[in-house]
Amino acid sequence: EIENDDYFELMIRNAWHISGGEGAAANTSCRRVLVTHKDGRQTVEELKNDIGIGPNDVEKMHANLARQGIEAVKIELYS
């Protein structure tokens with residue numbers, strides 16, 4: 001039994017790595033990485049549509065972020 005619509009949305013988003021959602025329905029399965037930008041700032045960024053990107057495939061992560069308009073100088077991985 002599915003308790004409510006938010007829980008159903010969360011299950012679907014997480015199963016298919018669909019970005020987005022708000023509150024209790026916000027996606028939690030897409031990988032997030034620590035990005036260092038050209039100006040030295042650091043931000044945590046979500047790798048949208050991350051299915052097929054291995055846990056250590058930094059090259060694909062850079063390409064994914066570039067498609068999102070994020071130019072990462074450095075990517076740090078934490079698990």
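The legends below walk through several views of one predicted model.

Local features are described here where pLDDT is at least 70 and side-chain atom pairs where it is 80 or more, while totals for chains, interfaces and linings use all residues. Residues are numbered from 1 along each chain as its sequence is written, and side-chain values use heavy atoms, with hydrogens and water left out.

**View 1. The whole chain, with 2 helices and 3 strands.**
Start at the N terminus and you meet the elements in the order α-β-β-α-β. Helices here are DSSP runs of H or I with at least four residues, strands are runs of E with at least two, and both are numbered from the N terminus. Put a box around the C-alpha atoms along the principal axes and you get roughly 45 × 25 × 25 Å. The chain has 79 residues, and 28% of them count as buried. Buried means under 20% relative accessible area, exposed means over 50%, and partly exposed is in between (1.4 Å probe, protein chains only). The accessible surface comes to about 5500 Å², with 50% of that belonging to carbon and sulfur atoms; such areas come from the Shrake-Rupley method with a 1.4 Å probe, and for residues only the protein chains shown count as cover. Look at contacts (heavy atoms within 4.5 Å): among those between residues at least 6 apart in sequence, 29% join residues at least 24 apart.

**View 2. Helix α2 and its two faces.**
Helix α2 covers residues 58-67, and its buried residues are Met61, Asn64 and Leu65. Looking down the axis of α2, these buried residues fall within an arc of 95°, so they line one face of the helix. That arc is taken from the directions between the helix axis and the C-beta atoms. What do the buried residues of α2 pack against? Their partners are the strands β1 (32-36), β2 (42-46) and β3 (74-76). Turn to the face away from the buried side and you find exposed Glu59 and Arg67. Just after α2 comes glycine 69, with a positive phi of about 85°.

**View 3. Lysine 38 and glutamate 71, a salt bridge between two loops.**
Side chains of opposite charge can pair when their charged atoms come close. A salt bridge here is a side-chain nitrogen of Lys or Arg within 4 Å of a carboxyl oxygen of Asp or Glu, and by that rule the count comes to 4. One of them joins the side chains of lysine 38 and glutamate 71, at 3.2 Å from N to O. This pair links distant parts of the chain, 33 residues apart: lysine 38 sits in the loop between β1 and β2, and glutamate 71 in the loop between α2 and β3. Are these two buried or exposed? Lysine 38 counts as exposed at 64% relative accessibility, and glutamate 71 counts as exposed at 52%.

**View 4. Arginine 41 with aspartate 39.**
Here's another salt bridge, with the closest N and O atoms of arginine 41 and aspartate 39 lying 3.0 Å apart. Arginine 41 is partly exposed, at 44% relative accessibility. Aspartate 39 is exposed, at 55%.

**View 5. Lysine 74 and glutamate 76 on strand β3.**
These two side chains form a salt bridge, with 3.8 Å between the closest N and O atoms. Lysine 74 is partly exposed at 45%, whereas glutamate 76 is buried at 18%. Leaving out residues up to four places away in sequence, lysine 74 touches Leu34, Val35 and Thr36. With those same neighbours in sequence left out, glutamate 76 touches Val33, Leu34, Thr36 and Gln42. Which side chain makes a polar contact with glutamate 76? That of tyrosine 78 does, at 2.7 Å. A polar contact is a pair of N or O atoms within 3.5 Å; within protein, one must be able to donate a hydrogen and the other to accept it, and residues adjacent in sequence count only if both atoms are side-chain atoms.

**View 6. A nonpolar surface patch.**
Ile2, Tyr7, Phe8, Met11, Ile12, Trp16 and Ile18 make up this patch of about 660 Å². Patches take residues with over 30% relative accessible area and no salt bridge, joining like charges within 9 Å and nonpolar side chains (Val, Leu, Ile, Met, Phe, Trp, Tyr) within 5 Å. Phenylalanine 8 lies in helix α1 (residues 5-16) and counts as partly exposed, at 41% relative accessibility.
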